[in-house]
Every structure is written in C-alpha cells, then in structure tokens.
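Open the model in your viewer and keep the selection tool at hand. The stops below go in order, each with something to select and something to look for.

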Amino acid sequence: MAEIKNTKVELCGITLDNPIIPASGTFGYGYEFSELYDINMLGTFSFKGTTKDARFGNPTPRIAECYAGMINAVGLQNPGVEKVISEELPKMKEVFHKPVMANVSGFSIEDYAYTVERLNECSEIGWFEVNVSCPNVHGGGMSFGTSPDAAAEVTRAVRKVTDKPLIIKLSPNVTDIVSIAKACEAAGADGISLINTLLGMRIDLNKRKPVIANTMGGFSGPAIFPVAVRMVYQVSKAVNIPVVGMGGVSTAEDVIEMMMAGATAVQVGAANLINPYVCRDIINDLPTVMEKYKIDSLSDIIGAV
C-alpha cells in the first residue's frame, strides 16, 4: 500500500487540506462548479473580483485566443459588494464549507477600503486577496500595482479595516516586482499573490484592427508559466510572508515546480476555463506526483530551490 502523502499547507495561519486554489475570475462564486464535483476537496478558492459598485465590464469582444493561452478583457464584471453579500455568498455557503478567499478591486483607495470593510463582516471569508493588478480596467487596478508607493498606500488603507489575513495580488507588468512586494509587506500585507496576467494584444488581419474591443487585455495560460515561476522565486526570496503562486498552472507537476520556487499555495486560473475539472484532477494527481519525486509533505518543498 502506498504511503499516505501530506498535502496540507498553512496560508497566513489558516490550514489548507492542499495548496490548490482556483483563481479569481475563473471559478465564479463556487456554486457553479459544485454541480460538477464536490468543491470542498479544494484548499479554498478566490471568488470573482468584487468592487464597491456593480460593473457590467468592458465592451465585447473581450476574449481572444492565442498560442498556448488566451487574452481576456472582461473588466471586473460583478454585481457590486452589497449584492455579493446578500445574494452570492449565501448561495456559496450552501455548497462550500471552508474559509474562502475574497478578491477585491477598486478605482480609488477609498473604494478598496469600503469594499473590504463591508466584506469583513462575512464569517465565511478567511483571507482578502486585494487586486492591485488588473490590466484591463481604466483608472484603477493596475495603476495601483505598478509603483511601490501606490501599492503600499492601498495595503495600509485596507489593513486599517480588517484583522483578517491580507494578501496583495501583484502585476507582472512592471520592471521590478520585488520592490513592490517589499513595500506591501512593510505596509502590513500578510501575503503576496502573483502573478496576474501579462498585458497582451491580437490583431484581426481581415479587419485590420484589434480583436479585443478594449485593444489590449490580460494574457494568461501555459505560455506565461516560466515568467510566473521566475517572479514567485524572486519575491519569495525577498519577503518574509507567504507567496501564493499562479500563472499558467495546469498540472500537479506545475504545482510542485511553483512550490519549489517559493509558493506556499498555488492558484489555477485559465485552465479552469478549458477543463472545469482541472483542480479536482490536480488534487487527485498530487500524491502520485509526490511519490514520483520522493516528497512526503508538500510543506517541506516550499522554496526548496
């Protein structure tokens, strides 16, 4: 009989049964996927990015196919924080019985603080993942994530309104991600989440114009995995708080690689849109892959490189 493998990890003081977390924007509020499999097998998941006010999102078309990936410019479409609290979270609570990660975006410092303060009252929320890195909305999101001072300012404002673990989600569309991560840590962040999508673009040769109505969007998928591994490695070596790694992850081997680079937990994003069972499959595959690489406990390999 095969030896039982320990897949548990601890993220900001909360124990996860395994490090697998579906990424925000690719898993809705969970209940959509609960019809396919028992989502309680997940470590947790990060629910759809929430803003203070309802957002319709960007004009269509807002998806473009690419080699080894996709570009999206959905634009934080969501019903707004009040509806999330009154309608989405009660439905989620019926099917998911673990602490969940709340992904929050804003267009001003005040927006971020307001949304986190409102969600802070919800007992089902275990962590806040504060997105300062969305590449496809105007006047917010990534503009806060491209400078250490601005990212730190958001972190400080949100830190004042919650005692729950605060994870800041950073943009890879910068020259020095380490300085931004360190600024967030100094401002009170409990963890760093990276990477969000790279900025990409496709052109329709017949129409001679961009495929996406927004011109550019977030490039995700297997093609960005080496960039993500590199940035997780750099940031985890520079900060003393846990890193949640993501970017092109689609297999159990990818998870192991991301953890060896320094990730405590690993998010799966675009792969959910291609195969809705991918997180289930990765979790089921982990013990076999751990056996292959002589790993008894996943917590032992965090930052092993």
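A crossing of two helices is called left-handed if the near helix is turned anticlockwise from the far one by less than a right angle, and right-handed if clockwise. Keep that in mind for the helix pairs; the model is a predicted one.

**Stop 1: H5 and H6**

Select residues 148–159, helix H5, and residues 177–186, helix H6. Their axes come within 8 Å and cross at roughly 30°. Angles under 35 degrees count as roughly parallel, and H5 and H6 are therefore roughly parallel to each other. Viewed with one helix in front of the other, the crossing of H5 and H6 is right-handed.

Now show side chains. On the H5 side, pick Pro-148, Ala-151, Ala-152 and Thr-155; they meet Ser-179, Ile-180, Ala-183 and Cys-184 of H6. Colour this contact by class and you should find 6 nonpolar residues, 2 polar and no charged.

**Stop 2: H6 and H7**

Keep H6 and add residues 225–238, helix H7. Here the axes are 9 Å apart and the packing angle is about 40°, which makes H6 oblique to H7. This crossing of H6 and H7 is also right-handed.

From H6, select Ile-177, Val-178, Ala-181, Lys-182 and Glu-185; from H7, select Met-231, Gln-234, Val-235 and Ala-238. By class, the residues of this contact are 6 nonpolar, 1 polar and 2 charged.

**Stop 3: the largest pocket**

Which residues lie closest to the centre of the largest pocket? Select Ser-24, Gly-25, Thr-26, Asn-72 and Thr-197, which are the closest of the 35 that line it. The volume of the largest pocket is about 660 Å³. Next, highlight strands S5 (69–72), S13 (217–220) and S15 (263–268), the elements that each give two or more residues to the lining. The lining as a whole has 19 polar, 14 nonpolar and 2 charged residues.

**Stop 4: backbone exceptions**

Most residues other than glycine have a negative phi, and most peptide bonds are trans. Three places to check against that background follow.

- Thr-60 and Pro-61 are joined by a cis peptide bond, with omega about 0°. Pro-61 sits in the loop between helix H1 (31–34) and strand S4 (63–66).
- Ala-68, in the loop between S4 and S5, has a positive phi, near 55°.
- Leu-194 to Ile-195 is a cis peptide bond, with omega near 10°. Look for Ile-195 in the loop between strand S9 (191–194) and strand S10 (198–200).

Methods
Residues are numbered from 1 along each chain as its sequence is written. This is a predicted model: local features need pLDDT of at least 70, side-chain atom pairs count only at pLDDT 80 or more; totals for chains, interfaces and linings use all residues. Side-chain values use heavy atoms; hydrogens and water are left out. Axes are lines fitted to C-alpha atoms, for helices over the stretch in contact, and angles run from 0 to 180 degrees between N-to-C directions. Helices (H or I, at least four residues) and strands (E, at least two) are DSSP runs, numbered from the N terminus. Angles under 35 degrees count as roughly parallel, over 145 as roughly antiparallel, 65 to 115 as roughly perpendicular and the rest as oblique. Contact means heavy atoms within 4.5 Å. Ala, Val, Leu, Ile, Met, Phe, Trp, Tyr, Cys and Pro count as nonpolar, Asp, Glu, Lys and Arg as charged, and the others, Gly among them, as polar. On a 1 Å grid over the protein atoms alone, a cavity is a set of points where a 1.4 Å probe fits but cannot get out, and a pocket is an open set with protein on both sides within 12 Å along at least five of seven lines; lining residues have an atom within 4 Å of a point. Grid points are joined across faces, edges and corners, and a volume is the space filled by probe spheres set on the points.
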